[in-house]
Amino acid sequence: MQKTIDAHFHIWRQKDQPWLVGPMVPRIFGPYEPIRRDYPIEEFLEDQKGSGVEKAVYVQTNWAKEDFEKEVAFLQKTSDETGWPHAIVGYTDMTVDDIRPQIDRLKKYPLLRGVRMQLHWHETPAFRFAASADQVIDPKVRANVARLKDYGLSFDLQLFPAQMKDGLTLVGENPETNFILTHAGMLTGMEPDTTEAWKEGLRTLSAAPNFYAKLSGLGTFVHRNDPALIAYIVDNTIEILGADHLMFGSNFPIEKLWTSHAELIKAHRNAVANHGAAAEADIFWNTAEKVYRPV
């Protein structure tokens with residue numbers, strides 16, 4: 001079995017997550033009552049047992065904005081105690097005047113590799129997160145993203161296809177920073193216009209050599225583990241971006257709403273296997289190792 005880095009997973013304590021404590025609201029992944037609870041590292045390790053995952057990258061989970069350092073500190077402490085995770089993508093508010101005071105507080109945590117602020121906006125209200133469609137090129141966001149290179153940090157970029165031209169502006173003007181597109185660009189459906197817009201968006205971003213994408217969260221809009229959909233996304237992202245710019249992520253425990261880790265990674269492994277051993281090594285290990293440098 002090809003050894004694997006899970007480049008996108010979460011753990012949490014419910015008390016730290018405002019969105020898991022307050023009333024349920026419509027979200028892109030549907031009803032989420034089963035995950036309105038603690039999801040500790042021990043449960044993640046049990047979920048992925050036998051999957052070939054040897055390392056994992058934690059990605060921020062929307063603690064209260066003022067608790068951005070507490071989140072990274074919690075993950076660093078978890079790793080110190082258990083050996084997991086092996087890299088951390090934290091949160092910083094890219095809309096402030098100057099991000100550096102926040103990053104200066106985070107840089108003392110050895111596992112910090114990057115930051116994410118979700119910038120995705122969609123015409124469907126339940127799919128929105130950002131304040132506007134063009135927040136990705138807001139002057140403050142651009143100025144703060146430009147500062148990441150001084151810290152050697154990457155940026156997890158979450159966009160819908162209609163935003164990807166603006167995404168290329170952000171990626172293109174920061175050639176020294178690695179950008180990782182979350183959930184492979186969030187394909188919302190299989191209608192011809194939708195799939196073509198998604199592919200065209202990926203082609204737009206493929207122009208940047210510092211651009212990567214995660215094969216993660218592929219059940220987000222269908223709310224199931226769909227091997228045919230996963231294969232479609234794998235085939236097209238490899239064709240457009242190349243396997244050396246792709247990495248696997250489980251998006252657990254979100255995907256646990258509808259599948260097991262074993263079935264999820266099986267579908268991804270089967271899809272990637274059609275492209276040969278080199279693609280398997282890149283997607284399941286090499287790309288994440290290069291971009292996130294897990295310990």
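Trainee: Over the face of which residue does Arg13 lie?

Mentor: The model before us is predicted, and the distances below are computed from it. A charge is judged to sit over a ring by its position relative to the ring centre and the ring normal. Here Arg13 lies over the face of Phe74, 4.1 Å from the centre of the ring. Lys3 offers another case: its charged end sits over the ring of Trp285, at 4.2 Å from the centre.

Trainee: How many aromatic pairs does a search of the whole structure find?

Mentor: The search finds 13 aromatic pairs. One of them joins Trp63 and Phe74.

Trainee: Why is the pair of Trp63 and Phe74 classed as tilted?

Mentor: Planes under 30 degrees apart count as stacked and those over 60 as edge-to-face, the rest being tilted. The planes of Trp63 and Phe74 stand at 45 degrees, so this pair is tilted, and the ring centres are 6.0 Å apart. The pair links distant parts of the chain, 11 residues apart: Trp63 belongs to the loop between strand 2 (53-59) and helix 3 (68-82), whereas Phe74 belongs to helix 3 itself.

Trainee: Is Trp63 buried or exposed?

Mentor: A residue under 20% relative accessible area is called buried. Trp63 has 9% relative accessibility and therefore counts as buried. Its partner Phe74, with a relative accessible area of 17%, is buried too.

Trainee: Which residues do ring pairs link into a cluster?

Mentor: The cluster consists of Trp12, Trp19, Phe29, Tyr32 and Tyr39. Phe29 also appears in the lining of the largest pocket, where Ile28, Phe29, Asn62, Gln118 and Phe129 lie nearest the centre.

Trainee: What can be said of that pocket's space and of its lining?

Mentor: The space in the largest pocket comes to about 390 Å³. Its lining is made up of 23 residues, which divide into nine nonpolar, 11 polar and three charged.

Trainee: Which strand runs parallel to strand 2?

Mentor: Pairing of strands is read from the bridges between them. Strand 2 and strand 3 run parallel and are joined by three bridges. Within this arrangement, Tyr58 stands opposite Ile88 of strand 3. Strand 3 (residues 87-90) is covered on both faces: Ala87 and Val89 are buried on one side, Ile88 and Gly90 on the other.

Trainee: Where does Gly50 lie, and is Gly50 buried or exposed?

Mentor: Gly50 is found in the loop between helix 2 (41-47) and strand 2. Its relative accessibility is 67%, so Gly50 counts as exposed. The C-alpha atom of Gly50 is 8.0 Å from that of Ala262, although 212 residues separate the two along the chain.

Technical notes: Residues numbered from 1 in each chain as written. Predicted model: local features only at pLDDT ≥ 70, side-chain atom pairs only at ≥ 80, totals over all residues. Heavy atoms only, no water. 1 Å grid on protein atoms, 1.4 Å probe; cavity = no way out; pocket = protein on both sides within 12 Å on 5 of 7 lines; lining within 4 Å. Points joined across faces, edges and corners; volume = space filled by probe spheres on them. Nonpolar A, V, L, I, M, F, W, Y, C, P; charged D, E, K, R; others polar. Phe/Tyr/Trp six-rings, centres within 6.5 Å; stacked < 30°, edge-to-face > 60°. Helix = DSSP H or I, 4+ residues; strand = E, 2+ residues; numbered from the N terminus. Buried < 20%, exposed > 50% of the residue type's maximum accessible area, 1.4 Å probe, protein only. Lys NZ or Arg CZ within 6 Å of the ring centre and 35° of its normal. Pairing = 2+ DSSP bridges.
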